[in-house]
Amino acid sequence: MKGTVAVAVVVAALAVAFLAVTGHGAVTCVEVDANLLPCVEYVTGKEAKPPALCCQGVKRIRALPAGTVERRFVCECIKKAAAGFDGLKNDAIRDLPAVCGSPLPFPLALNFDCNTIPRA
């Protein structure tokens with residue numbers, strides 16, 4: 001019986017840790033990154049307009065975060081991903097949601113403080 005309780009406690013602790021890492025189980029940075037990866041050529045100035053796959057990804061990103069915590073998490077994921085690329089064009093990043101016809105609930109900017117996203 002003690003072994004069963006110990007296993008249950010460990011499983012519960014791992015579940016809580018997993019949810020904290022994955023953005024409360026709703027959205028993961030891997031998911032965000034996968035949706036925005038087709039946009040790299042556009043936001044680095046190598047393409048004049050975002051490809052269709054990029055805009056589809058932006059639209060999926062718009063639909064992902066349901067509340068304030070999730071929006072802030074997605075915002076942080078985007079900023080972390082952007083830090084891994086050289087030559088990003090601030091104007092292209094800022095304008096991407098509008099160019100794709102899918103405004104996000106927060107601005108895309110490398111210096112945006114994701115904690116300032118207002119409560120939904």
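This is a short tour of one helix, its neighbours and the disulfides around them. The model is predicted.

**Stop 1: helix α4**

Select residues 52–63. This is helix α4, with twelve residues. From its first C-alpha to its last, α4 reaches 17 Å. That is close to the 16 Å expected at 1.5 Å a residue.

Now colour the buried residues of α4. They are Cys54, Cys55, Gly57, Val58 and Ile61. Turn the view until you look down the axis of α4. The buried residues fall within an arc of 155°, so they line one face of the helix.

Next, select Ala52, Leu53 and Ala63. Are these three buried or exposed? They are exposed, and they sit on the other side of α4.

**Stop 2: the neighbours of α4**

Which helices do the buried residues of α4 pack against? Show α2 (29–36), α5 (68–82) and α6 (90–99) to see them.

Keep α2 and α4 on screen. Their axes are 7 Å apart, and the two helices pack at an angle of about 145°. From α2, select Val32, Asn35 and Leu36, which make its side of the contact. From α4, add Leu53, Cys54, Gly57, Val58, Arg60 and Ile61. Sort this contact by class and you get six nonpolar residues, two polar and one charged.

Look again at two names in that selection. Cys54 is one of the buried residues of α4. Leu53 also takes part in the contact with α2, yet it is exposed.

**Stop 3: the disulfides**

Now show the cysteine side chains. How many disulfides does a search of the whole structure find? It finds four. Count the bonded cysteines along the chain, and the pattern reads 1-6, 2-3, 4-7, 5-8. The tour visits three of these bonds.

**Stop 4: cysteine 39 and cysteine 54**

Start from α4 and select cysteine 54. A disulfide joins it to cysteine 39, with S to S at 2.0 Å. The torsion about this S-S bond is about 105°, so the disulfide is right-handed. The pair links distant parts of the chain, 15 residues apart. Cysteine 39 is in the loop between α2 and α3 (40–43), while cysteine 54 is in helix α4. Both cysteine 39 and cysteine 54 are buried.

**Stop 5: cysteine 55 and cysteine 100**

Move one step along α4 and select cysteine 55. Its disulfide partner is cysteine 100, with S to S at 2.1 Å. Here the torsion about the S-S bond is about -70°, so the disulfide is left-handed. This pair also links distant parts of the chain, 45 residues apart. One end is cysteine 55 in helix α4, and the other is cysteine 100 in the segment after α6.

Check burial at each end. Cysteine 55 has 13% relative accessibility and counts as buried. Cysteine 100, at 6%, counts as buried too.

**Stop 6: cysteine 29 and cysteine 77**

Leave α4 and select cysteine 29 with cysteine 77. They form a disulfide, and their sulfur atoms are 2.0 Å apart. A torsion of about -80° about the S-S bond makes this disulfide left-handed. The bond ties helix α2, home of cysteine 29, to helix α5, home of cysteine 77. The two cysteines are 48 residues apart.

How do the two ends compare in exposure? Cysteine 29 is partly exposed, with a relative accessible area of 26%. Cysteine 77, at 2% relative accessibility, counts as buried.

Definitions and conventions:
Residues numbered from 1 in each chain as written. Predicted model: local features only at pLDDT ≥ 70, side-chain atom pairs only at ≥ 80, totals over all residues. Heavy atoms only, no water. Helix = DSSP H or I, 4+ residues; strand = E, 2+ residues; numbered from the N terminus. Expected span 1.5 Å × (residues − 1). Buried < 20%, exposed > 50% of the residue type's maximum accessible area, 1.4 Å probe, protein only. Arc of directions from axis to C-beta. Contact = heavy atoms within 4.5 Å. Axes fitted to C-alpha atoms, helices over the stretch in contact; angles between N-to-C directions. Nonpolar A, V, L, I, M, F, W, Y, C, P; charged D, E, K, R; others polar. Disulfide = S-S within 2.5 Å.
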